[in-house]
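Visitor: I'm new here and would like a quick tour. Could you show me what we'll be looking at?

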Amino acid sequence: MLRNLMYVVALLPLAAFTQPRTQLANPKMEASVSELMKKMTLEEKIGQLNLPASGDITTGTANSSNVAEQIKQGKVGGLFNIKTAAKIREVQKIAVEQSRLKIPLIFGMDVIHGYKTVFPVPLALSASWDLALIEKSARIAAQEASADGICWTFSPMVDIARDPRWGRVVEGSGEDPYLGSQIAAAMIKGYQGDDLSSNNTILACVKHFALYGAAEAGRDYNTTDMSRIRMYNEYLPPYKAAVDAGAGSVMSSFNEVDGIPAAANRWLMTDLLRKQWGFKGFVVTDYTAISEMISHGMGDLKQVSQLALKAGIDMDMVADGFLNTLKKPLEEGKITVAEIDAACRRILEAKYCLGLFDDPYRYCDPQRAGKEVFTTENRQVARQTAAQTFVLLKNDNQLLPIQGKNKIALVGPLADNGENMTGTWSVAADFANSVSLLDGLKTALGDNADLLYAKGSNVVDDSALDARVSIFGKPTRWDKRSPKEMIDEAVAISPNWSLVVAAVGESAEMTGESSSRSDIGLPGNQQALLEALLATGKPVVMVLFTGRPLTIAWENEHVPAILNVWFGGTEAGNAIADVLMGKVNPSGKLSMTFPRSMGQIPIYYNHKNTGRPLAQGKWFQKFRSNYLDIPNDPLYPFGYGLSYTTFDYKNLQLSGRELNSARKLKVSVEVSNTGNYDGAEVVQLYIRDLVGSITRPVKELKGFQKIFLKKGETKTVEFTLTEKELRFYNSQLQFVSEPGDFQVFVGSSSEKWLQGNFTLK
Ligand code: BGC
């Protein structure tokens, strides 16, 4: 019955989505690629599908030797993690001068949050809720990377993540499909611009397709398993948004989807991605994902390579499976020339779109890097951006911003550590150039700064663990003194302080790939350090460095002010000083829930109600969905973040009580800055679909606006809701909205709002 009433928007799952922008037919390109392919031998076609590792950074163990020789033989389609225009020009020269058909190589890199000018880690960027700024950060990253020879980035990472034990939450935009989709599109636009062939835009690669963020127990590379309903409604939207925004390439994930590893999953790569979503770009595997399918139990290298090609994979990253084994299954009739041709064509088309056939050295102008990389202007944008990402978690008695003349003690393992400021995947960064908090505060306070410094503790208190969390050359500067000696040193200077700034948290490499943690509290001896500092009776401001939500319930209870600064990039120290000193008023809002304790994980705001929901405001009710020992609600909810000023929401207005496919609904609210500082606020709109043919989340983000209000100023913020925002995938995976009653919430977080009601007719 319900089905007759609902707006059936798609008869086939996902067919309603529009065609991606950059994937319109291009007869000239097709003709030119066809002409070239006529000349290619089978070996040369397979060669285009091969992406061996090269250069300075490796993320695995595969050995890619003899690259130059392979290039000459036409056995390489591209290389990655090699940089500088000069070096890339040399390698490109081998391809275009010494290989038979002179086909240029494509050069990729993990440019995921800036290039040499490093921006805050992606999870931090998402906390800015500032799409224009995020797009700009990707634009600058593309500009710098392309000036250094790179034309393809393995970004954006759009995996929805709800388990902060997983270290790679730092690389994405958090837990929400709506926010994640908006950011995915903004980043694609930033990287690819309007014209992929200009020399300062680069090809994006949306990853990791799909569901990588749902690894069981938060353990990297682990199994994922979920219903299609959850997949379509909660996990797939950001990938789809990236494809719709014109992403030119997609990277397959390591995990299995419905029991089949993504790299061999034909439903995922062909039925969904290509047939339903209309993706016309190419798909590259993740690092050795093809050969890893041997361990998954999918067969030997020949078998898994064959499965990958048949699934719709075009390029093999590092596994050498396509290169070395595809001929045999071709002879046996298990794969076809047409399948190899299709993959080869897609890769050649990407090279065509990048303008590499016109000029293989398009991204190798030796003059550009000197002028365009790590410029003062780019660093300035990185500094402004970083300050927008910080989230003020607590600020009792307006301890912040730092006012008047203070004697500041800067204490903590991350205070004097520029190298760690860039966070994970800062492969082009010159660590020595990033600004530590100590340096940032010194500059802000001037020459006669009353600034004392003591390390106070190591990041972790076990030297073996310390080695594991600084493996990629971001030193934690392990101090051999005992925890007590370090704390004593810090406390001994206490008579001279009026304020303590405690720079605590994780090291940069405690999040990122292969960096899952089983305990996401403040590591090592850092809580003991905080206890000792608090015991002096002096006010303590905690500056928290992290790449994931941490369980900091104790800290929240005892420390009067907490500013979460993530890993802010090259300009982190200056940006933190800007915020601590009140030059910039913090406005970041969490894009991922902070749990009270590990036991609440996975925890996310857009959960279902269950048949036995806990009553509002209650901690425990027998036979209700809750815990005996902790409340259900998180420590800090999605969308949460304070400001030095206060914002008041009033007068929620709906333009009507009804909405239909023709009639939109305007939702407006008055927001006033009622405090003592000018500041920005992220106004958030959520809905709840009260009755559905499938159970619906208790809240879903459907809009947000970041506004700036001078103190005393009031603005009316208006959102438009259409029938489109109310759609979801039903149990037949049809993208529909269903008539009925809805609630709408507008407020400053997912837990603080004004509420209205409307009906979809
Ligand atoms: C990661 C990818 C990355 C690739 C290339 C892999 O280990 O999972 O995110 O793009 O390496 O560096």
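Visitor: Which residues make up domain 1 and domain 2 of the chain?
Guide: This is a predicted model, where local features need pLDDT of at least 70, side-chain atom pairs count only at pLDDT 80 or more, and totals for chains, interfaces and linings use all residues. Residues are numbered from 1 along each chain as its sequence is written, and side-chain values use heavy atoms, leaving out hydrogens and water. The bounds come from an automatic or database domain assignment. That gives domain 1 as 383-547 + 561-588 and domain 2 as 647-760.

Visitor: How many residue pairs are in polar contact between domain 1 and domain 2?
Guide: Start with salt bridges (a side-chain nitrogen of Lys or Arg within 4 Å of a carboxyl oxygen of Asp or Glu): the rule finds zero across this interface. Polar contacts are pairs of N or O atoms within 3.5 Å; within protein, one must be able to donate a hydrogen and the other to accept it, and residues adjacent in sequence count only if both atoms are side-chain atoms. With both residues at pLDDT 80 or more, the count is four.

Visitor: Which residues come nearest to the ligand?
Guide: A residue counts as near if one of its heavy atoms lies within 4 Å. Of the 15 residues around the ligand, the nearest are D110, R168, H208, D286 and E513.

Visitor: How far is an N or O atom in the side chain of D286 from an oxygen atom of the ligand?
Guide: For R168, a side-chain N or O atom sits 2.7 Å from a ligand oxygen, and for K207 a polar side-chain atom lies 2.9 Å from one. For D286, the distance is 2.5 Å.
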